[in-house]
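Subject: Structure handover

Hello,

Here is the structure I said I would pass on. My notes follow below it.

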Amino acid sequence: KVIDRTTLDDANLFDNEIKEPFAMTFTAEKAKLLIVDDNEMNLFVAKELLKHTKMQITTVNSGKKCLEVSRDNLFDIILMDHMMPDIDGLETLKILRSDENYISQNTPVIALTANAIYGAKEFYLNAGFDDYLTKPLEYKKIEDTLLKFLKKDLVTFISQNDCNYTTEYQQTDNTHIDIQTGISYTY
């Protein structure tokens, strides 16, 4: 029910804090990442957000395919959607962790979810995930999470002077476009 039709003024539309321009901070060319999501667009977006890390990225669109590739391939990290048809992310993780035939049995698994409600993190951690990320994915949050779980010898940090991917932007007079937020979601 609409209780008030008053238009919000521009001050309420966006967070006006000054944010630093975004810049990638690492590469990990030898790291192997598996992304599991039943939505092809989500797989594309995640892969594109991470392509500058130069990680070896494999994508699959189901829990069943995740289990197939995890049997014979050792991944450094798995990003897995929760809600998938057939075998969802929770069941896939349970099977992966319980069967010693999977080479990636002990690989850190990060839940990908649109479930950003209070208590969600505890839910996923209690279910056996090592961490969780909410959708829509933000590059900086993915980067921070990956750095928590990647082995240090796989990571090469990039100094700001060496970075070719620094994103500069200019403020515009259009208060309806939040450029920094757009950059954080699209890199």
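Read along the sequence, the chain follows the pattern β-β-α-β-α-β-α-β-α-β-α-β-α, which comes to six helices and seven strands. Please keep in mind that this is a predicted model. Of the 187 residues in the protein chain, 39% count as buried. Among contacts between residues at least 6 apart in sequence, 67% join residues at least 24 apart.

Strands S2, S3 and S4

I began with strand S2, residues 32-36. Four of its five residues are buried, so S2 is largely enclosed by the rest of the structure. S2 pairs with two strands that come later in the list of elements: with S3 (residues 56-60) in the parallel sense over five bridges, and with S4 (residues 77-81), also in the parallel sense, over four bridges. To place the register, Leu 33 has Ile 57 as its bridge partner in S3, while Leu 34 has Ile 78 as its partner in S4. Helix H1 (residues 40-50) joins S2 and S3 in a right-handed β-α-β unit.

Nonpolar cores

The largest nonpolar core has 24 residues. Those with the most contacts inside it are Leu 33, Ile 35, Leu 50, Met 55, Leu 79, Leu 146 and Leu 150. S2, H1, S4, S5 and helix H5 (139-149) each supply at least two residues of this core. Apart from it lies another core, of 18 residues, with Val 36, Val 60, Leu 93 and Leu 96 among them. Back in the largest core, Met 55 touches Ala 28, Ala 31, Leu 33, Leu 146 and Leu 150, if residues up to four places away in sequence are not counted.

Helices H2 and H3

In H2 (63-72), the residues Gly 63, Cys 66, Leu 67 and Ser 70 are buried. They cover an arc of only 95° around the axis, which puts them on the same side of H2. This buried set packs against S2, S3, S4 and H3. On the face of H2 turned away from the buried side are the exposed residues Lys 64 and Asp 72.

For H3 (residues 89-98), the buried residues are Gly 89, Thr 92, Leu 93 and Leu 96. Seen down the helix axis, they fall within an arc of 100°, so they line one face of H3. Their packing partners are H2, S4 and strand S5 (109-113). Lys 94 and Ser 98, on the other side of H3, are exposed. At the start of H3, a side-chain oxygen of Asp 88 comes to within 3.1 Å of the backbone nitrogen of Leu 90.

Asp 131

Asp 131 is found in strand S6. Is this residue buried or exposed? At 4% relative accessibility, against a cut-off of under 20%, Asp 131 counts as buried. The side chain of Asp 131 makes a polar contact with the side chain of Lys 148, at 2.4 Å. Leaving aside neighbours within four places in sequence, the contacts of Asp 131 are Val 109, Ile 110, Ala 111, Lys 121, Leu 125, Thr 145, Lys 148 and Phe 149. One of these, Lys 121, is ten residues away in sequence and 7.3 Å away in space, C-alpha to C-alpha.

Backbone points to check

Most residues other than glycine have a negative phi, and most peptide bonds are trans. Three places here depart from that.

- Lys 54 has a positive phi, near 65°. Lys 54 sits in the loop between H1 and S3 and counts as partly exposed at 44% relative accessibility.
- Asp 86 is not a glycine either, and its phi is positive at about 65°. Asp 86 lies in the loop between S4 and H3 and, at 82% relative accessibility, counts as exposed.
- Lys 135 and Pro 136 are joined by a cis peptide bond, with omega about 0°. Pro 136 is in the loop between strand S6 (131-134) and H5.

Regards

Key
Residues are numbered from 1 along each chain as its sequence is written. This is a predicted model: local features need pLDDT of at least 70, side-chain atom pairs count only at pLDDT 80 or more; totals for chains, interfaces and linings use all residues. Side-chain values use heavy atoms; hydrogens and water are left out. Buried means under 20% relative accessible area, exposed over 50%, partly exposed in between (1.4 Å probe, protein chains only). Two strands pair if DSSP finds at least two bridges between them. A crossover is right-handed if, with the strands pointing away from the viewer, the path from the first strand over the helix to the second runs clockwise. The arc is that of the directions from the helix axis to the C-beta atoms. Contact means heavy atoms within 4.5 Å. A polar contact is a pair of N or O atoms within 3.5 Å; within protein, one must be able to donate a hydrogen and the other to accept it, and residues adjacent in sequence count only if both atoms are side-chain atoms. A nonpolar core is a set of buried Ala, Val, Leu, Ile, Met, Phe, Trp, Tyr and Cys residues joined through side-chain atoms within 4.5 Å.
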